[in-house]
Protein chains: 2
Amino acid sequence: MVRIIDVAKKANVSTATVSRVLSKPNTVTEETTEKVLQVIKELNYQPNALARQLRTLETKTILVIVPDITNPFFSKVLRGIESVAVINGYQVLLGDTGNDLERENGYLNILLQKKADGLVLLTAKMKSKSIEEMALKYPVVLACEYVEGSAIPTVSINNISGAQKATEYLVKLGHKRIGFISGPLDGVIGQDRLKGFYQTIARYNLRIESVLVQEGNFSYESGFNIMNQFLDLNHPPTAVFAANDEMAFGAINAISSKGLSVPHDISVVGFDDIKFSSIFKPALTTISQPAFEMGTMAMKLLIKLLNKEEIERHQYLMEDQLIIRDSCSIHIS
Amino acid sequence: MVRIIDVAKKANVSTATVSRVLSKPNTVTEETTEKVLQVIKELNYQPNALARQLRTLETKTILVIVPDITNPFFSKVLRGIESVAVINGYQVLLGDTGNDLERENGYLNILLQKKADGLVLLTAKMKSKSIEEMALKYPVVLACEYVEGSAIPTVSINNISGAQKATEYLVKLGHKRIGFISGPLDGVIGQDRLKGFYQTIARYNLRIESVLVQEGNFSYESGFNIMNQFLDLNHPPTAVFAANDEMAFGAINAISSKGLSVPHDISVVGFDDIKFSSIFKPALTTISQPAFEMGTMAMKLLIKLLNKEEIERHQYLMEDQLIIRDSCSIHIS
DNA sequence: AATATTTTTGTATGCGATTACAATTCTGTT
DNA sequence: AACAGAATTGTAATCGCATACAAAAATATT
């Protein structure tokens with residue numbers, strides 16, 4: 001391994017000047033700069049990042065904790081994060097928790113051990129207290145999820161109003177019996193989308209029986225199964241709002257496997273607008289989240305935090321949008 | 001920050017002992033071990049990974065270079081990698097190249113700078129010479145892609161025989177005019193699948209006009225567009241083999257947007273068997289790759305390499321499988 | 001030409017851990 | 001009780017770089 005001292009010797013300068021050539025070039029004469037660069041090239045010198053990190057106490061890497069990298073929504077957010085990370089010279093360490101709380105906590109050690117300078121959390125299953133603690137010591141930003149009452153910088157959409165939009169759309173199409181397939185209710189996202197649904201139902205003075213609101217887990221299968229339960233009811237819903245797209249696909253396939261058609265017999269709307277939503281037949285009407293932009297925004301915030309810059313607001317709400325496609329139709333009672 | 005010397009002082013031992021309690025517990029008396037652990041707990045001591053890494057010259061992190069994390073196939077492979085990485089105490093640094101050669105090369109610096117101990121490459125766009133060079137200096141394993149004539153450990157499927165299987169299936173269904181939507185032909189995967197297609201065509205003495213073989217880029221859009229070209233032909237194909245599932249979706253949607261039906265009018269088969277293939281309507285007949293297992297296998301190999309264990313074979317071929325679903329039907333000429 | 005000032009370079013320390021090697025304590029044997 | 005050998009602990013060097021401070025060289029000022 002070639003070290004800085006090897007370069008220094010061969011170039012007949014001190015290690016300090018070599019170091020300066022690399023990090024503060026304008027403090028060294030052009031002449032010596034050239035000489036040093038020449039030697040660096042000859043010896044194929046690569047500074048050892050570990051040594052630098054130990055000295056400077058920064059790693060130029062950030063940790064991203066994701067619930068499931070396989071989920072297209074999260075992978076898109078991650079891509080957004082990564083894209084601005086590299087531009088700013090940061091690398092991303094990936095922590096996929098598989099929705100497992102323990103692994104989520106385990107990854108926090110990476111920060112404590114100084115292997116990363118900051119953290120982007122795409123999930124927040126862990127105790128809000130321990131998140132707050134981390135945020136006190138290290139730059140942390142939340143994306144997608146948020147922590148109730150916390151001052152940690154957060155970028156997300158307003159899931160409540162998003163769900164309202166979707167529900168309202170169904171109501172205005174004339175639907176009165178609307179089923180809701182929720183996400184896991186131990187997370188704020190699942191809770192908020194449910195909240196938005198209920199609020200809209202209340203606002204239009206509809207009454208929804210409790211059997212029409214069921215908790216899924218954001219998987220295709222849970223959407224499929226819950227929709228089958230709905231279909232077995234004496235009075236199945238005429239429309240269904242699924243709290244994410246994958247469950248919506250499950251619902252639609254459940255409906256068509258019973259010989260019914262979407263949107264003719266039953267309308268379905270999803271949430272997220274993953275790429276497959278426009279590919280699926282019928283193309284899915286859904287609430288679109290700017291996943292990539294949420295990632296870039298989150299990373300930009302984190303960089304400000306890392307640079308000890310001031311952050312103006314704490315909550316960054318991104319724009320969501322109802323994307324009307326082919327999975328809903330008017331209901332005439 | 002609490003350092004090892006802080007706990008050493010408070011526990012009235014030397015830093016060496018503290019270090020030993022942490023890494024070689026059986027060389028320290030139970031008594032002092034307890035005392036030290038007690039202090040560690042009290043002070044909430046976390047060893048600084050950077051310092052350790054500098055000393056031991058290993059980082060316990062590996063780099064994974066992916067062409068596109070957003071692609072469900074790759075994200076599943078990545079998940080496989082990560083799952084065995086964490087079990088073995090490794091963390092994964094993510095390099096998403098966005099199919100960009102430069103970024104791919106850029107990520108290699110991470111290894112040279114000693115920020116990672118090894119590398120898993122899910123893409124191999126870069127010059128095979130520079131890959132070989134890396135593999136000489138560091139543990140490297142290739143997954144999915146491979147480098148012609150290289151001795152670098154590789155896990156993949158046999159893309160040629162996979163493509164043969166798919167093509168043969170169509171031939172046996174009676175199809176004689178089969179279109180092929182290839183992947184990018186600057187990569188071995190694209191080339192091999194094309195090869196498998198041609199070989200099968202030759203074996204069954206079919207003649208395929210060159211217009212029926214078009215190069216796509218693995219995206220939905222390219223599948224859609226190429227299929228539209230096929231449909232504009234005087235004699236469109238009666239079956240189409242797309243070199244991955246996303247292009248197959250594109251092809252199917254192009255077909256149905258012209259009022260034709262899959263599989264009734266035209267049969268389509270894909271490649272990969274991503275999750276949506278079974279959700280899509282019609283459910284896609286495709287070649288299934290064991291993505292997760294390819295990831296775990298690759299990481300297991302890398303760990304052997306990292307431990308300087310001997311690796312028996314260099315090429316690990318995983319089993320692919322034709323999954324027959326609803327997108328193909330018999331053709332009677 | 002002598003001095004003050006600025007620019008450039010060098011010396012030497014420390015970042016926080018691991019680990020040879022040395023020193024000490026403990027154990028068992030006679 | 002004296003000693004050898006094993007088990008335990010301590011001392012201090014080291015990993016490769018950055019940087020505070022000191023020294024030297026170059027430039028400006030009188």
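**Reading a two-chain model with two DNA strands**

By class, the surface near DNA strand D is made up of 11 nonpolar, 11 polar and five charged residues.

Me: Before I lean on that, what kind of model is this?

Reply: A predicted one. Back to strand D: 27 residues surround this DNA strand, and A:Arg3, A:Ile4, A:Ser19, A:Ala51 and B:Ala16 come nearest. Helix H2 (15–23) and helix H4 (49–56) of chain A, along with helix H2 (15–23) and helix H4 (49–56) of chain B, are the elements that give two or more residues to that surface.

Me: Which element gives the largest share of the surface near DNA strand D?

Reply: H2(A), with six residues.

Me: And which residues come nearest to DNA strand C?

Reply: A:Ala16, B:Arg3, B:Ile4, B:Ser19 and B:Ala51, out of the 27 residues around DNA strand C. H2(B) gives the most here, six residues. H2 and H4 of chain A and H2 and H4 of chain B each supply at least two residues of this surface. By class, the surface near DNA strand C has 11 nonpolar, 11 polar and five charged residues.

Me: Let's turn to the overall form. How do I read the radius of gyration of chain A?

Reply: Set it against what a compact globule would give. For 333 residues that would be near 20 Å, but chain A has 26 Å. The C-alpha trace of chain A spans about 90 × 40 × 35 Å along its principal axes. Chain A holds 13 helices and 12 strands, and 49% of its 333 residues count as buried. Of the contacts in chain A with a separation of 6 or more, 70% are between residues 24 or more positions apart.

Me: Where do I look for the nonpolar core, and which residues have the most contacts inside the largest one?

Reply: In soluble globular proteins, nonpolar side chains tend to be buried together. Here the largest nonpolar core has 171 residues, and A:Val120, A:Ala251, B:Val120 and B:Ala251 have the most contacts inside it. Take B:Val120: beyond its neighbours within four places in sequence, its contacts include B:Ile62, B:Val64, B:Ala143, B:Met299 and B:Leu302. There is also a second, separate core of 10 residues, with B:Val21, B:Val39, B:Ile40 and B:Tyr45 among them.

Me: Now a single strand. Why is strand E2 of chain A largely enclosed by the rest of the structure?

Reply: Because six of the six residues of E2(A), residues 91–96, are buried. In a regular strand the side chains alternate between the two faces of the sheet. In E2(A), A:Gln91, A:Leu93 and A:Gly95 point one way, A:Val92, A:Leu94 and A:Asp96 point the other, and all are buried.

Me: What does E2(A) pair with inside its own chain, and in which sense, parallel or antiparallel?

Reply: Strand E1 (residues 61–66) of chain A runs parallel to E2(A), joined by six bridges. One to click on: A:Thr61 has A:Gln91 as its bridge partner in E2(A). Across the chains, E2(A) and E2(B) pair in the antiparallel sense over three bridges, and A:Val92 stands opposite B:Leu94.

Me: How many residues of each chain are in contact across that interface?

Reply: 33 residues of chain B are in contact with 33 residues of chain A. On the chain B side, H5(B) makes the largest share, six residues. By class that side divides into 18 nonpolar, eight polar and seven charged residues.

Technical notes: Residues numbered from 1 in each chain as written. Chains lettered and ligands numbered in written order. Predicted model: local features only at pLDDT ≥ 70, side-chain atom pairs only at ≥ 80, totals over all residues. Core = buried A, V, L, I, M, F, W, Y, C linked by C-beta atoms within 7 Å. Buried ≥ 20, exposed ≤ 12 C-beta atoms within 10 Å, placed from the backbone. Contact = placed C-beta atoms within 7 Å. Near = placed C-beta within 6 Å. Helix = DSSP H or I, 4+ residues; strand = E, 2+ residues; numbered from the N terminus. Nonpolar A, V, L, I, M, F, W, Y, C, P; charged D, E, K, R; others polar. Rg over C-alpha atoms; globule rule 2.2 N^0.38 Å. Pairing = 2+ DSSP bridges.
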